[in-house]
Amino acid sequence: MRNITLIVIVSVAVILASVLIGPKIISPFSIDDISKQVIVAIRLPRVIVALLMGCALGASGAVLQGILRNPLADPYILGISSGAALVAVMGILLGSTALGLLTVPVFAFVGAIVTGLLVGAMGYKKGGLLPERLLLAGVGLGFLFSAVLMMILSVSTDEGLRRAVLWVYGDLSMADWSLIPYGLFFIIVGLTISLLRAKGLNALMLGDDIAYSLGFSPDSERALLFVSVGLMTASAVSLGGIVGFVGLLVPHIVRFIAGSDGRVLIPLSALMGGTLLCFADTVGRTVMAPMELPSGIITAIIGAPYFLYLLRKKDVLGERK
Amino acid sequence: MKEPGGILKVSDISFSYGNGKAVNDLNMSVEGGTFTAVIGANGSGKSTILKLAAGILKPASGSIELWGQPLESYKGRDRAKLISYLPQLLDINVPFKVRELINMGLYPYDIRPEMTTELAMSMVGLDGKSESVISELSGGERRRVFIAMTLLQGAGILLLDEPLANLDIQFQIEFIKLLEELRSKRSISVVMALHDINMAFHFDKLIVIRNGEVIASGDPRSTITSEMILEAFGVKVKIYHQDDGTISFGY
């Protein structure tokens, strides 16, 4: 309980700090009109987008590692992000402005959902989604889409190229209030489904037969959880591109601290994922200002060493000592 | 071979995995408060029969009734309060702590039943292990964690697939005693796939399976004969009757 309280306190502090810290540090005790403008128009939407993305990635990583029974699964392993990236980058390079600011997010969301449906269809056999098939279908489609994406990027000389590359590594600089309601809606739906099915997720991790014996229908539990992951990942990717590490490692860090019960793991992974991405984005837009480092690079640089440290210290993957 | 009705009644079920019949016109009836052992060679269909009786596998033909109602008509949670199943293979590297895993036995319930996590843990000798991670435990301890979860689930019918595997002889005997205690308190019924024929003498009824068919059933003392063992397992043994009513084998 003490650990959980600590996570919550640290998270709130980091989120508040990321509103105040940036190329210009704003003191909370002397906010003038310009600072107010900066906070409302630039910082706040960006912090909220980072928070939403991180929440979605953390929670969907926690769920996905459970339904695939694979500690190395992250939300991108299902190829959803590659599909999103392919369609979004095509949108960027074609210079499409059909939907204004929402063009790239909508393209990405459509790419993500279509890929999710394809992976689901390929992973479906004998009346249910089979974890191994889902995983392989996701990896296969992901490779295919990434290859096509790289092909398009490598022959492109368009001025959108830099933006496309940045987007692929997580670009929150386009964050805007207009994006937030859509992201919020799908992430809340996904998070709610996964929280309501958290007991089912726990049971699935013991194997389908035991889950059945405990009163669950393994196929429908897995399908619902897959839908929740698909919605959250699609929303995250469409909000700000591909940010690595958060979905893979945040759930593991939460497991060390608070255990593996999905009812604690999912909400805490969401909170910690959101906090980590807020922090990474703040660092990314501050350290080399006015240049920005993509958040995905920062999360990996901060997170990977911490994870490796924990790996040495604790039994991460549930293997025998 | 028809059986009279019990609380779990399996009638004329057949099932195949796609490559020949795994279970053929099988009948089995479980009465309240009885212990049934299912024995047979590897691949004879013991596990398949337990999974069919649990509802995990759906029979191609025949019917299964639980308390007079078709098994498939029960809602999952209602069924889980009446019948539970523990598979043979549990070598899953789950990241849960002992307490977290055992507590899952309460999932079918909104209101906690009488049995507590602590009681279930002490019943299987896991006191003081509640915060251990499953992956840090030995094979036998892991099995006992799952047994404790099943006890906490508190169903009246337990379908157990070789639960004694990788348990020390001391825990095998303690586990059977524990089940007998539960039977005298709550009249539970047990159907257990068994590897060790010697353990069959603790059961009221023995069902011998070969190629998915019942080849013998009845009181273990009269059912276990050298002819039956030759037919079921394809080995010749000599059977010695002991003074205490048990049997020992000479190979």
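**Exercise 1. Find which strands of chain B pair with β3, and place them in their sheet.**

Step 1. Start with strand β3 (residues 35-40) of chain B and strand β8 (residues 189-193) of chain B, which pair in the parallel sense over 4 bridges. Strands here are DSSP runs of E with at least two residues, helices are runs of H or I with at least four, and both are numbered from the N terminus. Two strands pair if DSSP finds at least two bridges between them.

Step 2. Pick out one bridge: B:A37 has B:M192 as its partner in β8(B).

Step 3. Now put the pair in context. This is a predicted model, in which local features need pLDDT of at least 70 and side-chain atom pairs count only at pLDDT 80 or more, while totals for chains, interfaces and linings use all residues. Residues are numbered from 1 along each chain as its sequence is written, and chains are lettered from A and ligands numbered from 1 in the order in which they are written.

Step 4. Read the sheet across: it is open, has 6 strands and mixed pairing, and runs β6-β7-β8-β3-β9-β10 (chain B). Its edge strands, β6 (83-86) and β10 of chain B, each pair on one side only. From one strand to the next, the twist averages 15°.

Step 5. Add the helix. α5 (residues 139-153) of chain B packs on this sheet and touches β6 and β7 (157-161) of chain B. The direction of α5 makes about 175° with that of β6(B); axes are lines fitted to C-alpha atoms, for helices over the stretch in contact, and angles run from 0 to 180 degrees between N-to-C directions.

**Exercise 2. Work out how β9(B) and β10(B) are joined, then look at B:G45.**

Step 1. Strand β9 (residues 205-210) of chain B runs antiparallel to strand β10 (residues 213-218) of chain B, and 5 bridges join them. In one of these, B:V208 is matched with B:A216 of β10(B).

Step 2. The two strands form a hairpin with 2 residues between them, and B:N211 in the turn has a positive phi of about 45°.

Step 3. Turn to B:G45, in the loop between β3 and α1 (46-54) of chain B. Is B:G45 buried or exposed? B:G45 is buried, because 24 other C-beta atoms lie within 10 Å. The cut-offs are 20 or more other C-beta atoms within 10 Å for buried, 12 or fewer for exposed, and partly exposed in between, with C-beta atoms placed from the backbone.

Step 4. Leaving out residues up to four places away in sequence, B:G45 touches B:A22, B:V23, B:G40, B:I209, B:N211 and B:G212. A contact means that two C-beta atoms, placed from the backbone, lie within 7 Å. B:G45 and B:R210 are 165 residues apart along the chain, yet their C-alpha atoms are separated by 7.3 Å.

**Exercise 3. Trace the second open sheet of chain B and name its edges.**

Step 1. This sheet has 4 strands in the order β2-β1-β4-β5 (chain B), with antiparallel pairing.

Step 2. Its edges are β2 (21-30) and β5 (69-70) of chain B; each has a single partner strand, so one side of each is left without a neighbour in the sheet.

Step 3. Check the pairing at one edge: 2 bridges join strand β4 (residues 61-66) of chain B to β5(B), and B:L66 has B:Q69 as its partner there.

**Exercise 4. Describe helix α3 of chain A and its surroundings.**

Step 1. Test the length. Helix α3 (residues 80-93) of chain A has 14 residues and should span 20 Å at 1.5 Å a residue; its end C-alpha atoms are 20 Å apart, which agrees. The expected span is 1.5 Å times one less than the number of residues.

Step 2. Ask about cover: how many of the 14 residues of α3(A) are buried? The count is 12, so α3(A) is mostly covered. Among the buried residues are A:I80, A:L86 and A:I92.

Step 3. Find the cover. α4 (103-123), α5 (131-155), α6 (160-168) and α10 (218-240) of chain A are included in it.

Step 4. Look just past the helix, where A:G95 takes a positive phi of about 65°.

Step 5. Step back to the chain: chain A has 13 helices and 2 strands, and 50% of its 321 residues count as buried.
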